[in-house]
Amino acid sequence: MRAKPVRLIYGVGFLPCAIADATHVTLNIPGPTGLLTLPVMLKGTREGSGCWTWNGSTDAPTLRPSVLTEGHDFRCHSWINDGNVQFLSDCSHEMRGQTTPLLDIDAQPQSQAKKDAL
């Protein structure tokens, strides 16, 4: 599974749910971003919603618009298309310009694996 549908329950957190009930989706992006949970919608217009549109696929997810994450020492900007991550040229890390599959949602994030290896 490359996209895990979850529902935000205030006071509880994110709980796994059916695709149709998802308020968010969790992805495991290779590189410095790792696990990321984004608010999503399956239909309608996203204008003013702050949500990403999601095609509803857990194996080959596509999200719109692009995904931008920044930390104190990195910038990661990508498109999520059909289960792949297309890292854009404004990324600050070594995967800039590459396209690679999303990691399995249950796999350890690469950023954590790097920390564990130290």
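In this predicted model, strands S7 (residues 74–81) and S8 pair in the antiparallel sense, and 4 bridges join them. Along this pairing, Ser-78 stands opposite Phe-87 of S8. The two strands form a hairpin with 2 residues between them. Within that hairpin, Asp-82 takes a positive phi near 50 degrees.

Strand S8 covers residues 84–87 and has two faces. Val-85 and Phe-87 make up the covered face. Asn-84 and Gln-86 make up the uncovered one. This fits a general rule: side chains in a regular strand alternate between the two faces of the sheet. S8 also pairs with strand S9 (residues 99–101). That pairing is antiparallel too, with 3 bridges. Here Val-85 stands opposite Thr-100 of S9.

Strand S7 has a further partner in S6. S6 and S7 pair in the antiparallel sense over 6 bridges. They form a hairpin, and 2 residues lie between the strands. Leu-63 stands opposite Ile-80 of S7. S6 runs over residues 63–71 and pairs with strand S5 (residues 52–54) as well. The S5 and S6 pairing is antiparallel and has 2 bridges. In it, Trp-54 stands opposite Leu-63 of S6. Leu-63 thus appears in both pairings of S6, facing Trp-54 and Ile-80.

Charged side chains come next. Side chains of opposite charge can pair when their charged atoms come close. A search of the whole structure finds 2 salt bridges. In one, the side chains of Arg-75 and Glu-70 meet, with an N to O distance of 2.7 Å. In another, Asp-90 pairs with Arg-75, and the closest N and O atoms are 2.9 Å apart. Asp-90 lies in the loop between S8 and S9, while Arg-75 lies in strand S7, so this pair ties together parts that are 15 residues apart in sequence. Glu-70, Arg-75 and Asp-90 are therefore described as linked in a network of salt bridges, given that a salt bridge needs a side-chain nitrogen of Lys or Arg within 4 Å of a carboxyl oxygen of Asp or Glu.

The three residues of the network can also be described by their accessibility. Glu-70 has a relative accessible area of 54%, so Glu-70 is exposed. Arg-75 has a relative accessibility of 26% and counts as partly exposed. Asp-90 is partly exposed as well, with a relative accessible area of 32%.

A nonpolar patch lies on the surface. Ile-9, Val-12 and Leu-15 make this patch, which comes to about 250 Å². Leu-15 is placed in strand S2, which spans residues 13–16. With a relative accessibility of 39%, Leu-15 counts as partly exposed.

The protein chain as a whole has 1 helix and 9 strands. Read along the sequence, its pattern is β-β-β-β-β-β-β-β-β-α. The chain has 118 residues, and 37% of them count as buried. The exposed surface of the chain is about 6600 Å². Carbon and sulfur atoms supply 52% of that surface. Contacts were also counted between residues at least 6 apart in sequence. Among these contacts, 31% join residues at least 24 apart.

Conventions
Residues are numbered from 1 along each chain as its sequence is written. This is a predicted model: local features need pLDDT of at least 70, side-chain atom pairs count only at pLDDT 80 or more; totals for chains, interfaces and linings use all residues. Side-chain values use heavy atoms; hydrogens and water are left out. Patches are made of residues with over 30% relative accessible area and no salt bridge: like charges are joined within 9 Å, nonpolar side chains (Val, Leu, Ile, Met, Phe, Trp, Tyr) within 5 Å. Accessible areas come from the Shrake-Rupley method with a 1.4 Å probe; for residues, only the protein chains shown count as cover. Buried means under 20% relative accessible area, exposed over 50%, partly exposed in between (1.4 Å probe, protein chains only). Two strands pair if DSSP finds at least two bridges between them. Contact means heavy atoms within 4.5 Å.
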